[in-house]
Amino acid sequence: MGEVAVGMLVTDPQAIYVDATYGRGGHARRILERLGHGGRLIALDRDPKAELDAASITDPRFEFERTRFSRLSAVLSARSVSFIGGLLMDLGVSSPQLDDPARGFSLRLDGPLDMRMDPDHGSSVAQWLARVEQGELRRVLRQYGDERFASSIAKAIVARQSAGEPVERTGELAQIVARAIPVKDRKDPNQHPATRTFQALRIFINQELEELALTLESSLVRMAPGARLVVISFHSLEDRIVKRFIQAHAHPDRALPRVPLRASQLPAALLRPIARVRADAAEIAANPRARSAVMRVAERTDAPRPAA
């Protein structure tokens, strides 16, 4: 999907592009290969190891800033960039983050219960669990993980904390959740019972859905006519936000009251849906994580307002 994403993103080799989720530079390097002499790529990521990896790219057309992607507009303003030719976002946690037990993302590799994309800012999951109330924890598990057993899981975690045994390791959390979910009620025997809990806590602690919504809205006034928005998501909540954003700006008339209007009175569409792509069998075989991936592509239609 990486080659397809970059192919759909880069339509003008001389334009300025943003890779909002650098990761370990896979997409960034592909984009640079497609850029002309006058093209530029600005990459963002809040992971310190992404920053280290980005330092290995010496291409003068490339810039990196360690920051959350909701600061897109500020990053562009600091570089006197009004409009971009395209924005790429590859959401969720990266394979290197999952494979590093010290980051606390994996429920199969024991490590400190952290899960922060940027370990230098904010509270870790362990710190948040140490102070959270049962009702709030239950809400987070339901809202961000669609966890059917949110109540029993929240009760078990808070009971453990109240007994003076803080949950500080991924292995500990995985065991607590597994014990809280009856074996007979587990829908998928191939999925670890703590998968939804880990997912919910990661999304919540990193404010991933809020970050996504803010970035999509701010990107709209930064995209030049014909610029492409390419978003790869791995979770239904993320994909729903992207889908609704594109639909809202592709069909703004649907939000209008049902009264007679002249064509000149209708709001202009700001986006045009281009594609919805799922990983094929070959890609899933090479990368099982791609099974849930959905890529949506949209194109900016009219002239945007000058950016501040």
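A helix axis here is a line fitted to the C-alpha atoms over the stretch in contact, and the angle between two axes runs from 0 to 180 degrees between their N-to-C directions. With that in hand, let's walk through this structure, which is a predicted model.

Start with helix α7 (residues 134-145) and helix α10 (residues 195-205). Their axes come within 8 Å and cross at roughly 100°. Angles from 65 to 115 degrees count as roughly perpendicular, so that is how α7 sits relative to α10. Who touches whom? On the α7 side you'll find Glu136, Leu137, Arg139, Val140, Leu141, Tyr144 and Gly145, and they meet Arg196, Thr197, Gln199, Ala200, Leu201, Ile203 and Phe204 of α10. Sort the residues of this contact by type and you get 8 nonpolar, 3 polar and 3 charged.

Now turn to another pair, helix α8 (residues 150-162) and helix α9 (residues 170-180). Here the axes come within 9 Å, and the crossing angle is roughly 130°. That makes α8 oblique to α9, because 130° falls outside the ranges for roughly parallel, perpendicular or antiparallel. The crossing of α8 past α9 is right-handed. From α8, the residues Ser152, Ile153, Ala156, Ile157 and Arg160 meet Glu172, Leu173, Ile176, Val177 and Ala180 from α9. This contact is made up of 7 nonpolar residues, 1 polar and 2 charged.

Next, let's look at charged side chains that pair up. How many salt bridges does a search of the whole structure find? It turns up 23 of them. Let's visit a few.

One of them joins Arg34 to Glu3, with the closest N and O atoms 4.0 Å apart. Arg34 belongs to helix α2 (residues 26-34) and Glu3 to helix α1 (residues 2-9), so this pair links distant parts of the chain, 31 residues apart. Are these two buried or exposed? Neither, quite: Arg34 counts as partly exposed because its relative accessibility is 39%, and Glu3 is partly exposed too, at 45%.

Another salt bridge brings together the side chains of Arg40 and Glu63, at 2.7 Å from N to O. Arg40 lies in strand β2 (residues 40-45) and Glu63 in strand β3 (residues 62-66), so the pair ties together parts that are 23 residues apart in sequence. Arg40 has a relative accessibility of 26%, so it counts as partly exposed. Glu63 is partly exposed as well, with a relative accessible area of 26%.

Strand β3 also holds Arg66, while Glu51 lies in helix α3 (residues 48-54). Arg66 and Glu51 form a salt bridge whose closest N and O atoms are 3.9 Å apart. Both are partly exposed: Arg66 has a relative accessible area of 26%, and Glu51 comes in at 36%. Salt bridges can also share partners, and in that way Arg40, Glu63, Glu65, Arg71 and Arg79 are joined into one network.

Our last stop is Ser233, in strand β5 (residues 223-233). Why does Ser233 count as buried? Its relative accessibility is 1%, and buried means under 20%. So what does Ser233 touch, leaving aside its neighbours within four places in sequence? Its contacts are Leu91, Glu238, Asp239, Ser292, Ala293 and Val294. Try finding Ser233 in strand β5 on the structure above and tracing those contacts yourself.

Notes: Residues are numbered from 1 along each chain as its sequence is written. This is a predicted model: local features need pLDDT of at least 70, side-chain atom pairs count only at pLDDT 80 or more; totals for chains, interfaces and linings use all residues. Side-chain values use heavy atoms; hydrogens and water are left out. Helices (H or I, at least four residues) and strands (E, at least two) are DSSP runs, numbered from the N terminus. Buried means under 20% relative accessible area, exposed over 50%, partly exposed in between (1.4 Å probe, protein chains only). Angles under 35 degrees count as roughly parallel, over 145 as roughly antiparallel, 65 to 115 as roughly perpendicular and the rest as oblique. A crossing is left-handed if the near helix is turned anticlockwise from the far one by less than a right angle, and right-handed if clockwise. Contact means heavy atoms within 4.5 Å. Ala, Val, Leu, Ile, Met, Phe, Trp, Tyr, Cys and Pro count as nonpolar, Asp, Glu, Lys and Arg as charged, and the others, Gly among them, as polar.
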